[in-house]
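Colleague: Please take a close look at a single helix in this model and describe how it sits among its neighbours. One connected account will do.

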Amino acid sequence: MSKIIDLKGSILSLTVLKLYDDRFDATRDALAQKIDQAPDFFVGIPVVLEPQVPLADATYLALLVEFLHQKRMIPIGIRTEDEQIKEQAEYAGLAVFPNTPDKPSRPNRSSERGNETEAGLKSALMISGSVRSGQQVYAKDRDVVVMGSINPGAEVVADGHVHVMGTVMGKVFAGSSGETTARIFANRLNPELVCIAGMYQLSEDIDERFKTGFMEVRLENDKLVFNPECLN
């Protein structure tokens, strides 16, 4: 008999939407403003909702789910211990996830060195010049090194680290398959967006002092950390 289905485990990068206000109109307007800054980035991304306040309005989650679908995002579940919110979630068609860390990390690549796994590691993808507007580069299962800059409107995506010898002005995604230890290194960072393992930050949310000089970006406690001192 031929195979009909195949079910395998996978690490899926999820976007966590934390909710700090129980007013749907306020939430909708804040979301619309954030999405409008980088609309293409949010298309098709799976979202887990995380309310930080009680939701007194019984229609809040249903309205929010409908709005997210309108914006072409995919709300898949909610994370809460509030029984009333769980009931709302079921009505809105959302799965209820336990309050656990967002995703497990893959094994640290550095720990594999010196054993037979090292033979299977791929060398970094080398980009000799700059990545132009409209171009997308994807380094599957490896790092990427860009010898030039990443221009506005360009995207560089890697399952591993991203190294940029010039200036990052477009979008950069490291650890795109869930590798939480991946990092971004740039000679200068003035991006449209940076993202590591699904945790992203838009340009306007990055402190101006991190946009001058060499910069390392890493993921720490579900937050992007900008470190200009990594070479010291």
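Modeller: The buried residues of α3 pack against three strands, β1, β2 and β3, and against two helices, α1 (24–37) and α4 (83–91). This is a predicted model, and local features are reported at pLDDT of at least 70. The residues of α3 that are buried are Tyr60, Leu61, Leu64, Val65, Phe67 and Leu68. Around the axis they span an arc of only 165 degrees, and therefore lie on the same side of α3. As a general matter, an α-helix has 3.6 residues a turn, so residues three or four places apart point the same way.

Now the sheet. Its four strands are ordered β1-β2-β3-β4, the sheet is open and the pairing is parallel. At the edges are β1 (15–19) and β4 (95–97), each of which pairs on one side only. From one strand to the next the twist averages 35 degrees. Helix α3, residues 60–70, packs on this sheet and touches β1, β2 and β3 (74–79). The direction of α3 makes about 150 degrees with that of β3.

Two of the strands that α3 touches, β1 and β2, are joined to each other by five bridges and run parallel, with β2 covering residues 46–51. Within this pairing, Leu17 stands opposite Leu49 in β2. In general, strands of a sheet pair through backbone hydrogen bonds, either parallel or antiparallel.

The other neighbour to consider in detail is α4. The axes of α3 and α4 come within 8 Å and cross at roughly 45 degrees. Angles under 35 degrees would count as roughly parallel and those from 65 to 115 as roughly perpendicular, so α3 and α4 are oblique to each other. The crossing in which α3 passes α4 is right-handed. On the α3 side, the residues that meet α4 are Tyr60, Leu61 and Ala62. On the α4 side, their counterparts are Ile85, Gln88, Ala89 and Tyr91. Tyr60 and Leu61 thus appear in both lists: they are among the buried residues of α3, and they take part in the meeting with α4.

Last, the end of the helix. After α3 comes Arg72, which has a positive phi, near 65 degrees. To put the parts together, α3 has its buried residues on the same side, packs on the sheet through β1, β2 and β3, and crosses α4 at roughly 45 degrees.

Notes:
Residues are numbered from 1 along each chain as its sequence is written. This is a predicted model: local features need pLDDT of at least 70, side-chain atom pairs count only at pLDDT 80 or more; totals for chains, interfaces and linings use all residues. Side-chain values use heavy atoms; hydrogens and water are left out. Two strands pair if DSSP finds at least two bridges between them. Axes are lines fitted to C-alpha atoms, for helices over the stretch in contact, and angles run from 0 to 180 degrees between N-to-C directions. Contact means heavy atoms within 4.5 Å. Buried means under 20% relative accessible area, exposed over 50%, partly exposed in between (1.4 Å probe, protein chains only). The arc is that of the directions from the helix axis to the C-beta atoms. Angles under 35 degrees count as roughly parallel, over 145 as roughly antiparallel, 65 to 115 as roughly perpendicular and the rest as oblique. A crossing is left-handed if the near helix is turned anticlockwise from the far one by less than a right angle, and right-handed if clockwise.
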